[in-house]
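Student: I would like a close look at a single part of this model. Please take one helix, describe what surrounds it, and then place it within the whole.

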Amino acid sequence: MNRVLLISMPFVSVRYPSPALSLLKSILQENGVQCDVAYLNVIFHAYVGHPEIYEAIADFLIVGETVFGPELFGEQWGQSDRGNLAQLDAPLLPAGSTRDSIRDTLLRLRATAGSFLQMCLSRINWDNYDIVGFTSVYSQQVASLALARHIKERFPDKVIAFGGANCEDEMGRALLRLFPFVDWVFNGEADVSFPLAVTRKLHEGKQPENIPGVSYRCNGEIVAQHRGLSPELDALPYPDFEEYFKVLKKWAPDYLSVASLSLELSRGCWWGKKSQCIFCGLNCKKLDYRRKSAKRAETEIKTLTGRYGIDRVILADSVLDMSAFKTFLPALAEWGGLEELFLEARASLSLDQLRMLKAAGVKSFQPGIESLDSEVLTLMHKGTTLLQNIQFLKWSRELDIFPTWNLLYGFPGESPAAYRRMADLIPVIL
């Protein structure tokens with residue numbers, strides 16, 4: 001019997017697998033627990049019949065949460081001002097779209113949500129699983145909760161577990177308080193806490209008492225634990241992506257030629273340890289920075305790209321470790337096995353460092369530009385200036401590396417004059 005099922009729900013891109021679920025599967029199997037991973041996001045991507053719409057919504061973050069809203073909150077919510085999208089808040093519209101077109105698209109997708117959940121309930125053999133875990137990042141929360149509610153109603157003995165960025169600290173405690181069908185919520189890293197909770201439940205039938213990072217109910221009360229323990233990254237097994245490529249082949253074969261492996265080489269943010277950016281929502285409570293050794297990182301990439309026949313890699317790291325320029329990136333450049341390497345980096349890199357990125361396979365990446373005004377950058381605690389950012393963008397263009405970056409606004413104490421300066425500057429530098 002497969003004891004644990006881990007689920008990835010919409011809306012997250014189908015272009016890469018879940019690094020968290022793939023790693024947890026490997027860890028559970030090392031602990032003697034059988035585990036499957038269900039990429040229901042890939043199936044929904046095909047189910048709606050408009051894959052380009054799905055990907056646009058997945059990239060468009062929170063608006064996708066409204067699609068499964070009626071399945072979680074009921075039809076009355078769907079008819080409310082918020083539920084019928086009369087007050088759709090979409091300040092950043094995809095190219096060629098309007099608020100009305102986005103609203104119509106979301107309503108069309110909503111019409112498929114109920115039948116999709118019923119398909120999931122009928123196609124998966126739930127008798128095989130004692131524990132069902134959901135990863136929830138960005139706009140996966142409502143779809144995950146909707147399916148979890150259906151599972152609990154039909155199989156009340158199943159343990160429903162949630163983890164991911166949407167479960168951090170207060171959000172995780174609110175999840176348990178507001179949704180009684182959720183049994184466990186994992187706060188922070190779950191590499192140690194989740195296997196401990198699973199094995200204790202399966203082998204002893206006990207609650208995850210005194211396991212750091214797990215919140216649960218006991219006699220109707222919520223027991224909230226501290227954050228999970230941090231493992232030694234080099235000691236972690238390689239993630240298992242087998243089920244991702246199987247479901248991709250069946251439900252989204254066109255993506256096989258462009259799919260990427262999503263790998264994690266570090267955790268936390270080394271810059272945040274020095275000067276945390278005030279807008280940071282990923283490392284706000286835990287900035288401890290750890291990284292895999294250069295040799296482990298190199299070996300992991302070579303092994304997994306060879307195992308799955310994929311030459312594209314996306315690093316899930318918050319920021320590139322600067323020591324990577326010493327041995328790791330030169331080793332990748334010498335190897336030459338990557339068609340594409342995507343990562344996030346500081347905008348304070350030198351021209352030689354950008355050349356090294358390109359040699360290692362970087363064709364596009366996400367630098368932390370965030371603003372084109374030194375006053376705002378100082379307010380953000382970015383540690384860069386306008387001239388550094390302009391120089392960085394200039395070098396990127398010269399090297400034919402495409403930077404994906406954002407302009408952020410809405411900081412307490414910011415000056416409207418700074419945005420007038422940027423409005424005057426941007427046409428000049430285009």
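**A close look at helix α1**

Tutor: In this predicted model, a convenient place to begin is G32, which lies just after α1 and takes a positive phi of about 80 degrees. The helix that precedes G32, α1, runs over residues 19-30 and has twelve residues; from its first C-alpha to its last it reaches 17 Å, which is close to the 16 Å expected at 1.5 Å a residue. Within α1, the buried residues are L21, S22, L23, L24, K25, S26, I27 and L28, where buried means under 20% relative accessible area. The cover over these buried residues of α1 includes the strands β1 (4-8), β2 (35-39), β3 (131-135) and β9 (266-267), together with the helices α9 (193-204) and α10 (242-251).

Turning from α1 to its setting, the protein contains 17 helices and 15 strands. Its radius of gyration is 22 Å, close to the 22 Å that the globule rule gives for 430 residues, so the protein is as compact as a globular protein of that length. Taken along the principal axes, the box filled by the C-alpha atoms is roughly 60 × 50 × 45 Å. Of the 430 residues in the protein, 52% are buried, and among contacts between residues at least 6 apart in sequence, 72% join residues at least 24 apart.

As for the surface, the protein exposes about 19,900 Å², of which carbon and sulfur atoms supply 53%. The protein also carries 46 positive and 50 negative side chains, and the centres of these two sets lie 1 Å apart.

Note on methods: Residues numbered from 1 in each chain as written. Predicted model: local features only at pLDDT ≥ 70, side-chain atom pairs only at ≥ 80, totals over all residues. Heavy atoms only, no water. Helix = DSSP H or I, 4+ residues; strand = E, 2+ residues; numbered from the N terminus. Rg over C-alpha atoms; globule rule 2.2 N^0.38 Å. Buried < 20%, exposed > 50% of the residue type's maximum accessible area, 1.4 Å probe, protein only. Contact = heavy atoms within 4.5 Å. Areas by Shrake-Rupley, 256 points an atom, 1.4 Å probe, with all protein chains shown as cover. Lys, Arg positive; Asp, Glu negative; His and termini not counted. Charge placed at Lys NZ, Arg CZ, Asp CG, Glu CD. Expected span 1.5 Å × (residues − 1).
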